[in-house]
Amino acid sequence: MKLKLKLPNPGLEGRIPSHAEMEKMEELQAGERPQWDNKAQYMLTCVGFCVGLGNVWRFPYLCQSHGG
């Protein structure tokens, strides 16, 4: 015998969107996101990020190795 407890919570149905409403909201938000113009722009951005991140990691090491 399964016992399902249902607690009263007035007004909750109006505040929490249904699954279908959530999917509609996600589709609307996904359409508004910025997109890359082409693959080259995306690749150059990734390479620039990697090079920049490497320099950020390298800077404290160079400071320590040169005394300060």
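The legends below describe a predicted model of one protein, first as a whole and then in close-up views.

**Figure 1. The overall fold of the predicted model consists of helices.** The secondary structure comprises three helices and zero strands. Read from the N terminus, the order of the elements is α-α-α. Helix 1 covers residues 12-15, helix 2 covers residues 19-31, and helix 3 covers residues 39-65.

**Figure 2. The confidence of the prediction varies among the elements.** The mean pLDDT of the protein is 83, and 97% of the residues reach at least 70. Among the elements, helix 3 has the highest mean pLDDT, at 88, whereas helix 1 has the lowest, at 72. As a general caution, predicted coordinates should not be read in detail where pLDDT is low.

**Figure 3. The radius of gyration of the protein is 26 Å.** For a compact globule of 68 residues, a value near 11 Å would be expected. Along the principal axes, the C-alpha atoms fill a box of roughly 70 × 35 × 25 Å. Of the 68 residues, 0% are buried. The exposed area of the protein is about 7,200 Å², and carbon and sulfur atoms supply 63% of this area.

**Figure 4. Asp37 occupies the loop between helix 2 and helix 3.** Asp37 has a relative accessibility of 69% and is classed as exposed because this value is over 50%. Leu12 is 25 residues away from Asp37 in sequence. In space, the C-alpha atoms of Asp37 and Leu12 are 43 Å apart.

**Figure 5. Lys39 belongs to helix 3.** Its relative accessibility is 71%, so Lys39 counts as exposed. Gly11 and Lys39 are 28 residues apart along the chain. A distance of 48 Å separates the C-alpha atoms of Lys39 and Gly11.

**Figure 6. Trp36, Tyr42 and Met43 make a nonpolar surface patch.** The area of this patch is about 340 Å². One of its members, Met43, is part of helix 3. The relative accessible area of Met43 is 49%, which means that Met43 is partly exposed. The value for Met43 does not count as exposed, because that class requires a relative accessible area over 50%.

**Figure 7. Cys46 takes part in no disulfide.** A search of the whole structure finds zero disulfides. For Cys46, the nearest cysteine sulfur is that of Cys50, at 6.7 Å. A disulfide requires the two sulfur atoms to lie within 2.5 Å, so the separation of 6.7 Å between Cys46 and Cys50 does not qualify. The relative accessibility of Cys46 is 28%, so this residue counts as partly exposed. Cys63 is likewise partly exposed, its relative accessible area being 25%. Neither cysteine is classed as buried, because that class requires a value under 20%.

**Figure 8. Tyr61 is a residue of helix 3.** With a relative accessible area of 56%, Tyr61 is exposed, because the value is over 50%. Along the chain, 43 residues separate Tyr61 from Ser18. The C-alpha atoms of Tyr61 and Ser18 lie 53 Å apart.

Conventions. Residues numbered from 1 in each chain as written. Predicted model: local features only at pLDDT ≥ 70, side-chain atom pairs only at ≥ 80, totals over all residues. Heavy atoms only, no water. Buried < 20%, exposed > 50% of the residue type's maximum accessible area, 1.4 Å probe, protein only. pLDDT = per-residue confidence, 0-100. Helix = DSSP H or I, 4+ residues; strand = E, 2+ residues; numbered from the N terminus. Patch = residues over 30% accessible without salt bridge, like charges linked within 9 Å, V, L, I, M, F, W, Y side chains within 5 Å. Areas by Shrake-Rupley, 256 points an atom, 1.4 Å probe, with all protein chains shown as cover. Salt bridge = Lys/Arg side-chain N within 4 Å of Asp/Glu carboxyl O. Rg over C-alpha atoms; globule rule 2.2 N^0.38 Å.
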